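Colleague: I have a structure open and would like to learn how to read it. Could we take it one feature at a time?

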Amino acid sequence: MTVAQDIIDARENVRKLDSESTSSPWVVLGVDKNKLVLVGQGDDYENMLPLFKSDELMFGYAKIVTGDDMSKREKFVMICWSGADVGLVKRGKMITLRQEVDEIFTQRAKVIEASDVADLSLESVKDQLIKAGGAAYGSSTS
């Protein structure tokens, strides 16, 4: 599998570690003629959501900061998007494409499969990441 350099560069931008940052860098991949293509990238998670189209197969990858006042953790989430208006034949291609995307976005805490943007709100994704992490201690009072 050959991955386009712009996709690799976008992935690395998301992975950059910056403990002081509160931004949520992201990248969205689409499909053009059975090939993955870069659709968009940015630093504000909410700006990613409008890119997911109801008639497309797409993939998202984002860094989300979770934790509390005592400890911040950067977690990566991969989104497998199959819009509500995607036909069965096109939906079947998700399996092959997902294998390619799994090789690109290897570092992740959670994979979310979605067809409705409402399921991808930042709060919902943070909640899922916290649950996947297994430890949620809340705020410290000491």
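Colleague: What percentage of the residues in the chain are buried?

Modeller: This is a predicted model, and of its 142 residues 36% are buried. A residue is called buried when its relative accessible area is under 20%, and exposed when it is over 50%.

Colleague: What is the order of helices and strands along the sequence?

Modeller: The chain has five helices and five strands. From start to end they follow the pattern α-β-β-α-β-β-α-α-β-α.

Colleague: Let us take one helix. Which residues of α4 are buried?

Modeller: Helix α4 covers residues 94–104, and its buried residues are Met94, Leu97, Arg98, Val101 and Ile104. These five are on the same side of α4 because they span an arc of only 110 degrees around the axis.

Colleague: Which exposed residues does the face turned away from the buried side carry?

Modeller: On that face of α4 are Ile95, Gln99 and Glu103, which are exposed. Note that each side mixes residue kinds: Arg98 is among the buried residues, while Ile95 is among the exposed ones.

Colleague: How do I judge a single buried position, say Ile104?

Modeller: Start with its accessibility, then look for residues that are far off in sequence. Ile104 lies in helix α4 and counts as buried because its relative accessible area is 2%, under the 20% cut-off. Its C-alpha atom is 7.7 Å from that of Ile8, although the two residues are 96 apart along the chain.

Colleague: Where does Val27 lie, and is it buried or exposed?

Modeller: Val27 lies in strand β1. At 1% relative accessibility, Val27 is buried. From Val27 to Ile7 the C-alpha distance is 8.3 Å, with their positions 20 residues apart in sequence.

Colleague: Now the charged side chains. What is the idea behind a salt bridge?

Modeller: Side chains of opposite charge can pair when their charged atoms come close. In this structure a search finds seven salt bridges.

Colleague: How far apart are the closest N and O atoms of Glu12 and Arg15?

Modeller: They are 3.6 Å apart, and the two residues form a salt bridge. Both belong to helix α1, residues 5–15, where a spacing of three residues is about one turn of the helix. Glu12 is partly exposed, at 34% relative accessible area, whereas Arg15 is buried, at 17%.

Colleague: Which strands hold Lys63 and Glu74?

Modeller: The side chains of Lys63 and Glu74 meet in a salt bridge, 3.7 Å from N to O. This pair links distant parts of the chain, with Lys63 in strand β3 (residues 57–67) and Glu74, eleven residues apart from it, in strand β4 (residues 72–82). Lys63 is buried, with a relative accessible area of 4%, and Glu74 is partly exposed at 25%.

Colleague: Arg98 was on the buried side of α4. With which residue does Arg98 form a salt bridge at 3.0 Å?

Modeller: The partner of Arg98 is Asp102, with 3.0 Å between the closest N and O atoms. About one helical turn separates Arg98 and Asp102, because they are four residues apart in helix α4. Asp102 counts as partly exposed, with 25% relative accessibility.

Colleague: Which residues are linked in a network with Arg98 and Asp102?

Modeller: Arg108 and Glu113 are linked with Arg98 and Asp102 in a network of salt bridges.

Colleague: Which residues gather in a patch of negative charge on the surface?

Modeller: The patch is made of Asp43, Asp44, Glu46, Glu123 and Asp127. One of them, Glu123, is placed in helix α5, which covers residues 122–133.

Colleague: Last, the backbone. How should I read a positive phi?

Modeller: Most residues other than glycine have a negative phi, and most peptide bonds are trans. Lys33 is not a glycine, yet its phi is positive, near 55 degrees. Asn34 is not a glycine either, and has a positive phi of about 65 degrees.

Colleague: Where is Lys33 placed, and is it buried or exposed?

Modeller: Lys33 is in the loop between β1 (26–32) and β2 (35–42). Asn34 also lies in the loop between β1 and β2. Lys33 counts as exposed because its relative accessibility is 75%, over the 50% cut-off.

Technical notes. Residues are numbered from 1 along each chain as its sequence is written. This is a predicted model: local features need pLDDT of at least 70, side-chain atom pairs count only at pLDDT 80 or more; totals for chains, interfaces and linings use all residues. Side-chain values use heavy atoms; hydrogens and water are left out. Buried means under 20% relative accessible area, exposed over 50%, partly exposed in between (1.4 Å probe, protein chains only). Helices (H or I, at least four residues) and strands (E, at least two) are DSSP runs, numbered from the N terminus. The arc is that of the directions from the helix axis to the C-beta atoms. Patches are made of residues with over 30% relative accessible area and no salt bridge: like charges are joined within 9 Å, nonpolar side chains (Val, Leu, Ile, Met, Phe, Trp, Tyr) within 5 Å. Accessible areas come from the Shrake-Rupley method with a 1.4 Å probe; for residues, only the protein chains shown count as cover. A salt bridge is a side-chain nitrogen of Lys or Arg within 4 Å of a carboxyl oxygen of Asp or Glu. Lys and Arg count as positive and Asp and Glu as negative; His and the chain ends are not counted. The place of a charge is taken as NZ of Lys, CZ of Arg, CG of Asp or CD of Glu.
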